[in-house]
Amino acid sequence: MRTARLRTVHPVLWAGWAALAAGAVLCVLGWYGISGERFAERQLPYLASCTVPGAALIIAGAVLLTHGRNALAAARVEELYGLLVAADPADADESGQAAAAPVAVSGDLLMVPGGTLWHRADCPLVSGKAEALPVDSRVLASGELDPCPICEPAASDARSSGADG
């Protein structure tokens, strides 16, 4: 599902590239014209008619490209947010409010080698990862790892799961 805003960004990007190309051509023509003239008063027409407008087109093209890419990124974020919000929770009550259920409820704790967080085993960040290892209680006690902000494991989970590596 693409939004209408995604379709309107492409002309801005094309206009930016066209302005950059036209500006480069004008700058090259101005340079070529100036290089054939010995005296400064004969170089000014080339400077005024080609080089300055070419530089302005290059700047305008850069601005259009930046704006187009920012708009494209914003449209993608809006589309992803729409997809996230559109997902109906399975356990919504009759008032339309979703019950606040934790993301993960498992008592087993895992960590990824080289990672900075410890997770519940059913946390979406580590579930299905073959390299995930059980958390060592000494690592938890030393404070080297922080609890995952997604599944929010508690220190009591570490003691109750018997993680001792």
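## A guided tour from the β2-β3 loop to helix α2

Begin by selecting A121, which sits in the loop that joins β2 to β3. The model on display is a predicted one. With a relative accessibility of 23%, A121 is partly exposed, because the buried class is reserved for values under 20%. Add L109 to the selection: it lies 12 residues from A121 along the chain, and the two C-alpha atoms are 5.4 Å apart.

Move next to D122, which also belongs to the loop between β2 (117-120) and β3 (133-134). D122 is partly exposed, at 31% relative accessibility. Select L110 together with D122; 12 residues separate the pair in sequence, and 9.1 Å separates their C-alpha atoms in space.

**The whole chain**

Now zoom out and colour the model by secondary structure. Four helices and four strands make up the secondary structure of the protein. Read from the N terminus, the order of elements is α-α-β-β-β-α-β-α. The protein has 165 residues, of which 25% count as buried.

**Helix α1**

Select residues 4-35, which form helix α1, and find G33 within the helix. Is G33 buried or exposed? G33 is buried, since its relative accessible area is 10%, and the limit for that class is under 20%. For a view across to another part of the chain, show T51 as well: the C-alpha atoms of G33 and T51 are 9.7 Å apart, with the two positions 18 residues apart along the chain.

**A salt bridge**

The next selection is E37 with R42. Their side chains form a salt bridge, with an N to O distance of 3.7 Å. In general, side chains of opposite charge can pair when their charged atoms come close. R42 is exposed, as its relative accessible area is 52%, and the exposed class begins over 50%. The salt bridge count for the model is one.

**Helix α2**

Select residues 40-86, the extent of helix α2, which includes V52. The helix has 47 residues and spans 66 Å from first to last C-alpha, close to the 69 Å expected at 1.5 Å a residue. Where is the kink in α2 centred? The kink is centred on L47 and amounts to about 50 degrees.

Keep L47 selected and add L44 and V52: these three residues make a nonpolar surface patch of about 260 Å². Then turn to the buried residues of α2, which are C50, G54, G61, L65, G68, A71, L72, A75 and E79. An α-helix has 3.6 residues a turn, so residues three or four places apart point the same way.

T66 is another stop in α2. T66 is partly exposed, because its relative accessibility is 46%. Select G16 alongside T66; the two are 50 residues apart along the chain, while their C-alpha atoms are separated by 8.6 Å.

**Annotated regions**

Finish with the record. An unreviewed UniProt entry places the feature "transmembrane region" at residues 12-34 and 46-66. Select residues 12-34: the span is 100% helix and 0% strand, with 32 Å between its end C-alpha atoms. Then select residues 46-66, where the chain is again 100% helix and 0% strand and the end C-alpha atoms lie 29 Å apart.

Notes:
Residues numbered from 1 in each chain as written. Predicted model: local features only at pLDDT ≥ 70, side-chain atom pairs only at ≥ 80, totals over all residues. Heavy atoms only, no water. Patch = residues over 30% accessible without salt bridge, like charges linked within 9 Å, V, L, I, M, F, W, Y side chains within 5 Å. Areas by Shrake-Rupley, 256 points an atom, 1.4 Å probe, with all protein chains shown as cover. Salt bridge = Lys/Arg side-chain N within 4 Å of Asp/Glu carboxyl O. Helix = DSSP H or I, 4+ residues; strand = E, 2+ residues; numbered from the N terminus. Expected span 1.5 Å × (residues − 1). Bend = angle between axes of the 7 residues up to and from the residue. Buried < 20%, exposed > 50% of the residue type's maximum accessible area, 1.4 Å probe, protein only. UniProt positions renumbered as here; feature names shortened; annotations may be inferred.
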